[in-house]
Every structure is written in structure tokens, then in C-alpha cells.
Amino acid sequence: MAMGVLSACRKLNIPVPGQISVVGYDNLEFAAHLEPPLTTLAIPAEAMGVQSAEALIARLHNNIEIKSHQLETELIIRGSSQ
């Protein structure tokens, strides 16, 4: 989605950053190579999957209530939001 926003801004001559800032999600490998490089939120996807699977298995086997978990994220600031 963020890549599409950058593309649309380029076509409409909207300066990024400047008139608008764009932030993506997931810190995909190509984010740093876009023009401008995309500011992104890095999430621990593997840890999120592991914790989700463990919670589901525990729920199915032990009929326990699933608790909320917080995982650390990192905002990686690049050219699309400076």
C-alpha cells in the first residue's frame, strides 16, 4: 500500500516528504530501495507467529483463556518521512 502511495504521489507531483509523509509496515527488504526510501515499522513477524501458534495450541489442549502479548517493534525512519 505504501509503495502505491509513493507511486501515486510521484504521478501527481506531490513531494514526499514535504507535502506528505508515508510510513509502511513490515519493513520489507525493498522498502529501503524505494524512492524516497520508505519509513517503516519493523515487527517481529516470526515471534508473532510462534506466540500465536502456542496460544492456539494451549487453548485447544487446555481450554485456557488466551492472554494479550506485546511484542517490541521498531520505527525505522527513512526518507519518506523526514
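In which loop is the place of His-69? I looked this up before anything else, working in a predicted model, and found His-69 in the loop between helix H2 and strand E3, the strand that covers residues 74-76.

**His-69 and helix H2**

I then checked the accessibility of His-69 and noted a relative accessible area of 52%, which counts as exposed because the cut-off for that class is over 50%. For its position relative to the helix, I took the C-alpha atoms of His-69 and Ala-53, which are 13 Å apart in space and 16 residues apart in sequence. Helix H2 itself runs over residues 45-62, and its 18 residues reach 25 Å from the first C-alpha to the last, close to the 26 Å expected at 1.5 Å a residue. Just after H2 I came to Asn-63, whose phi is positive, near 55 degrees.

**The loop between H1 and E1**

I went through the backbone of this loop and recorded two entries. Asn-13 lies in the loop between H1 and E1, and its phi is near 55 degrees, a positive value in a residue other than glycine. With 68% relative accessibility, Asn-13 counts as exposed. Pro-17 is also placed in the loop between H1 and E1, and the peptide bond leading from Val-16 to Pro-17 is cis, with omega near -15 degrees.

**The loop between E1 and E2**

Here I looked up three residues. Asn-27, in the loop between E1 and E2, has a positive phi near 50 degrees although the residue is not glycine, and at 26% relative accessibility I entered Asn-27 as partly exposed. Pro-36 lies in the loop between E1 and E2 and is joined to Glu-35 by a cis peptide bond, for which omega is about -5 degrees.

Ala-32 sits in the loop between E1 and strand E2, residues 39-42. With a relative accessible area of 33%, Ala-32 is partly exposed, because that class lies between the 20% and 50% cut-offs. Leaving aside neighbours within four places in sequence, I found Ala-32 in contact with Pro-37 and Arg-78. I also noted that Ala-32 and Ile-76, 44 residues apart in sequence, are 9.6 Å apart in space from C-alpha to C-alpha.

**The nonpolar core and Leu-38**

Which residues form the largest nonpolar core? I listed eight: Ala-2, Leu-6, Cys-9, Val-16, Val-22, Ala-31, Leu-34 and Leu-38. As background, I wrote beside this list that nonpolar side chains tend to be buried together in soluble globular proteins. I followed Leu-38 further and, with neighbours within four places in sequence left aside, found contacts that include the core residues Ala-2, Leu-6, Val-22 and Ala-31. Leu-38 is also in contact with Val-23, Gly-24, Ile-76, Arg-78 and Ser-80.

**The largest pocket**

My last search was for open space, and I recorded about 150 Å³ in the largest pocket. Helix H1 (2-11) and strand E1 (23-25) are the elements that give two or more residues to its lining. Among the lining residues I marked Met-1, Ala-2, Met-3, Gly-24, Tyr-25, Asn-27, Phe-30, Ala-31 and Leu-38. By residue type, the lining divides into eight nonpolar, three polar and one charged. Looking back over my lists, I saw that Ala-2, Ala-31 and Leu-38 are named both in the lining of the largest pocket and in the largest nonpolar core. Asn-27, which I had already entered for its positive phi, is likewise one of the lining residues.

Terms used: Residues are numbered from 1 along each chain as its sequence is written. This is a predicted model: local features need pLDDT of at least 70, side-chain atom pairs count only at pLDDT 80 or more; totals for chains, interfaces and linings use all residues. Side-chain values use heavy atoms; hydrogens and water are left out. On a 1 Å grid over the protein atoms alone, a cavity is a set of points where a 1.4 Å probe fits but cannot get out, and a pocket is an open set with protein on both sides within 12 Å along at least five of seven lines; lining residues have an atom within 4 Å of a point. Grid points are joined across faces, edges and corners, and a volume is the space filled by probe spheres set on the points. Helices (H or I, at least four residues) and strands (E, at least two) are DSSP runs, numbered from the N terminus. Ala, Val, Leu, Ile, Met, Phe, Trp, Tyr, Cys and Pro count as nonpolar, Asp, Glu, Lys and Arg as charged, and the others, Gly among them, as polar. The expected span of a helix is 1.5 Å times one less than its number of residues. Buried means under 20% relative accessible area, exposed over 50%, partly exposed in between (1.4 Å probe, protein chains only). Contact means heavy atoms within 4.5 Å. A nonpolar core is a set of buried Ala, Val, Leu, Ile, Met, Phe, Trp, Tyr and Cys residues joined through side-chain atoms within 4.5 Å.
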